[in-house]
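Biologist: Please take one part of this model and go through it slowly with me, explaining each term as it comes up. I would like to follow a pair of helices from their ends to their contacts.

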Amino acid sequence: MATVELRFSALPEHVRTARLVAAAVARRAGVDEAVLDEVRLAVGEACSRAVGLHQLSGVTAPVKVALIEDEKQFSIEVGDEAPHQVPGGSADDGAEAEAEEDEMGLAVISGLVDDVEVATGEHGGLIRMTWPTTPPPAAALV
């Protein structure tokens, strides 16, 4: 299992770099060319979400991206350290608007990626997106 880790300051201008790195590593891992645009868009959305959450919460820690190549799949994990509202907690109007925007971003990601897992808590969140890979042709291995 090969892993590439990327950490960047929570600034919107770094999201593009994360998208480019994710697409390059996904291509190398064997993700189908037809799916690479979806990888770019999903990573961009997940990273933009993490950047926004960090900025809203005043978190100075970097956004974390892990690109994980397994035998038959490629996964990307985008982690943030922003506190997420615990279900059932009280929310003001600003928090409600933030939650709606967050849900919209997650809906976009879910529309782009078939296998998505989202975990959130008081100390941050993690989005894990997974795509199948195809092994390289036998001639490429020689």
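Modeller: Let us begin at the end of helix α2, just after which G58 takes a positive phi of about 75 degrees. The model is predicted, so local features need a pLDDT of at least 70 and side-chain atom pairs count only at pLDDT 80 or more, while totals for chains, interfaces and linings use all residues. Residues are numbered from 1 along each chain as its sequence is written, and side-chain values use heavy atoms, with hydrogens and water left out.

For orientation, the chain has four helices and five strands, where helices (H or I, at least four residues) and strands (E, at least two) are DSSP runs numbered from the N terminus. Read from that terminus, the elements follow the order β-α-α-β-β-α-β-β-α.

Helix α2 itself has 22 residues and spans 31 Å from its first C-alpha to its last, which is close to the 32 Å expected at 1.5 Å a residue; the expected span is 1.5 Å times one less than the number of residues. Helix α1 has 15 residues and reaches 21 Å, close to the 21 Å expected for it. Just as G58 follows α2, G30 comes just after α1, and G30 takes a positive phi of about 105 degrees.

How do the two helices lie against each other? Helix α1 (residues 15-29) and helix α2 (residues 36-57) pack at an angle of about 145 degrees with their axes 9 Å apart, the axes being lines fitted to C-alpha atoms over the stretch in contact and the angle running from 0 to 180 degrees between N-to-C directions. The crossing of α1 past α2 is right-handed, a word used if the near helix is turned clockwise from the far one by less than a right angle, and left-handed if anticlockwise.

On the α1 side, the residues that meet α2 are V15, A18, R19, A22, A23, A26 and R27, and their partners in α2 are L36, V39, R40, V43, G44, C47, S48 and V51; contact here means heavy atoms within 4.5 Å. By class, this contact has ten nonpolar, two polar and three charged residues, with Ala, Val, Leu, Ile, Met, Phe, Trp, Tyr, Cys and Pro counted as nonpolar, Asp, Glu, Lys and Arg as charged, and the others, Gly among them, as polar. An α-helix has 3.6 residues a turn, so residues three or four places apart point the same way.

Burial adds to the picture, and buried means under 20% relative accessible area, exposed over 50% and partly exposed in between (1.4 Å probe, protein chains only). In α1, the buried residues are V15, A18, A22, A23, V25, A26 and A29, and they pack against β1 (2-8), α2, β2 (63-69) and β3 (73-80). T17, by contrast, lies in α1 but is partly exposed, with a relative accessible area of 43%. In α2, the buried residues include L36, V39, V43, G44, C47 and V51.

Finally, the end of α1 has a partner elsewhere in the chain. T133, in the loop between β5 (124-132) and α4 (138-141), is in contact with A29 and G30, among others, when its neighbours within four places in sequence are left aside. T133 is buried, with a relative accessible area of 13%.
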